[in-house]
Each structure stands twice: as structure tokens, then as C-alpha cells.
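Colleague: Mind if I fire some questions at you about this one? Put it up on the screen and we can go through it.

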Amino acid sequence: MTQTIEDLFDASIERYKAGEGPDTLIPVFKDICERARKSSPAWTCLAWLYLLDNKPTQAYNAAQKAVKLNSQDPQAQVNLAIAMLETSKKGVRDHIELAQQIMMVAKELEDEVKQNLEEGLSRKPDWKSLQRVQQWLFEA
């Protein structure tokens, strides 16, 4: 029986939550993105995995697609901001401010972003770009 894209996505998220690393999950999410080109959550996840795997240029490209598909996803905005910091691109503040505005009206999204950032630091403790974005988002 063939897995649907949604089932594959959900199973891959569970694998990530179970501690699986970006090296094995990136090919899975690349496949999901190829098969579901308009899935902002898939592109957001792929960008995050690239960031964890120290591939900021690929992360930037994936995050741009995620934001283009859904500019109201604060995690997509955060991923793009981190990728921009790591690739020395200008305009980071715009994405931080938009993420803050979205989270102000949707507290459940704020909690989700906080959890994701904490989880990112647990996997990559010295992640300077993530620490900066976390400060800007929640300590400003």
C-alpha cells in the first residue's frame, strides 16, 4: 500500500520528534516537497533540517518557498530570518517583526515557535543565529 503525502509527512515529523537527524530526514522532506510543491509546512520543515545540518543556502531557498506559500506562518518567517543571518543577507528585521505580529494574535503559534527554538538549541546548543532570533522575538 502506498503512503499518502500527508501520512509520509506525519510519519517523518514523528521520526524527527523521536530524535532522528537531518542527514536521514532531508532526503525524505525533499521528496515530500517535490511531490507536494505547494506545501508550506513541508518547505518549512526542509528549511529547518537544512539549518540544523549547517546548509544555510539550501535552508534560505527552502524557507523562501515556505514564506512565499504562507507568509502568515511564523516558523517559516523565523527559519528565513535564521537562514538570512547565516548567509549574511539583509532584511532580517522584517521577518522577525512579521513573526512577532502573527504570534501576538495567535498565542498557540507563539508556543509552537518557542518549543521549536528550544528543541533546535537542544540539538545544536551553540547555534548563534537561532539564539539571536530567539532574543529578538521573546526578549525585546
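**Helices, pocket and loops**

Modeller: Let's start with helix 8: the cover over its buried residues includes helix 3, helix 5, helix 6 and helix 7. Keep in mind that this is a predicted model.

Colleague: Which residues of helix 8 are buried, and how wide is the arc they fall within?

Modeller: The buried residues of helix 8 are Ser129, Leu130, Val133, Gln134 and Leu137. Looking down the axis of helix 8, they line one face of the helix, because they fall within an arc of 135 degrees.

Colleague: Next, helix 6. What end-to-end distance do its C-alpha atoms give?

Modeller: Helix 6 covers residues 92-105, which is 14 residues, and at 1.5 Å a residue that should span 20 Å. The expected value agrees with the model, where the end C-alpha atoms of helix 6 are apart by 21 Å.

Colleague: And how large an arc do the buried residues of helix 6 cover?

Modeller: Buried in helix 6 are Val92, His95, Ile96, Ala99, Ile102 and Met103. They sit on the same side of helix 6, because around the axis they cover an arc of only 130 degrees.

Colleague: Which residues are exposed on the other side of helix 6?

Modeller: The cover over the buried residues of helix 6 includes helix 5, helix 7 and helix 8. On the other side of helix 6, the exposed residues are Arg93, Asp94, Met104 and Val105.

Colleague: Same treatment for helix 7, please. What is the arc of its buried residues?

Modeller: Helix 7 has 17 residues and reaches 25 Å from first C-alpha to last, close to the 24 Å expected at 1.5 Å a residue. Its buried residues are Glu110, Val113, Leu117, Gly120 and Leu121. They are on the same side of helix 7, because the arc they cover around the axis is only 95 degrees.

Colleague: Which residues of helix 7 are exposed on the other side?

Modeller: What covers the buried residues of helix 7 includes helix 3, helix 5, helix 6 and helix 8. On the other side of helix 7, you find these exposed: Glu108, Gln115, Glu118 and Ser122.

Colleague: Phenylalanine 138 caught my eye. Which residues does it touch, leaving out those up to four places away in sequence?

Modeller: Phenylalanine 138 lies in helix 8. Its relative accessibility is 26%, so it counts as partly exposed. Not counting residues up to four places away in sequence, phenylalanine 138 touches Met103, Glu110, Val113, Lys114 and Leu117.

Colleague: On to the largest pocket. Which residues are closest to its centre?

Modeller: The largest pocket has a volume of about 560 Å³. Of the 21 residues that line the largest pocket, the closest to its centre are Ile13, Cys45, Gln75, Glu112 and Asn116.

Colleague: Which helices each supply at least two residues of that pocket's lining?

Modeller: By class, the lining of the largest pocket has ten nonpolar, six polar and five charged residues. At least two lining residues each come from helix 1 (5-17), helix 3 (40-52), helix 5 (74-86) and helix 7 (107-123).

Colleague: How far is lysine 30 from cysteine 45, C-alpha to C-alpha?

Modeller: Lysine 30 has its place in helix 2 (residues 22-35), and it is partly exposed, with a relative accessible area of 43%. Leaving out residues up to four places away in sequence, lysine 30 touches Leu46 and Tyr50. Lysine 30 and cysteine 45 are 15 residues apart in sequence, and their C-alpha atoms are apart by 9.7 Å.

Colleague: What about the backbone of asparagine 54: what is its phi?

Modeller: Asparagine 54 lies in the loop between helix 3 and helix 4 (56-69), and at 53% relative accessibility it counts as exposed. Most residues other than glycine have a negative phi. Asparagine 54 is not a glycine, yet its phi is positive, at about 60 degrees.

Colleague: And serine 88: buried or exposed?

Modeller: Serine 88 is placed in the loop between helix 5 and helix 6, and it has a positive phi of about 60 degrees although it is not a glycine. The cut-off for exposed is over 50% relative accessible area. Serine 88 has 67%, so it is exposed.

Conventions
Residues are numbered from 1 along each chain as its sequence is written. This is a predicted model: local features need pLDDT of at least 70, side-chain atom pairs count only at pLDDT 80 or more; totals for chains, interfaces and linings use all residues. Side-chain values use heavy atoms; hydrogens and water are left out. On a 1 Å grid over the protein atoms alone, a cavity is a set of points where a 1.4 Å probe fits but cannot get out, and a pocket is an open set with protein on both sides within 12 Å along at least five of seven lines; lining residues have an atom within 4 Å of a point. Grid points are joined across faces, edges and corners, and a volume is the space filled by probe spheres set on the points. Helices (H or I, at least four residues) and strands (E, at least two) are DSSP runs, numbered from the N terminus. Ala, Val, Leu, Ile, Met, Phe, Trp, Tyr, Cys and Pro count as nonpolar, Asp, Glu, Lys and Arg as charged, and the others, Gly among them, as polar. The expected span of a helix is 1.5 Å times one less than its number of residues. Buried means under 20% relative accessible area, exposed over 50%, partly exposed in between (1.4 Å probe, protein chains only). The arc is that of the directions from the helix axis to the C-beta atoms. Contact means heavy atoms within 4.5 Å.
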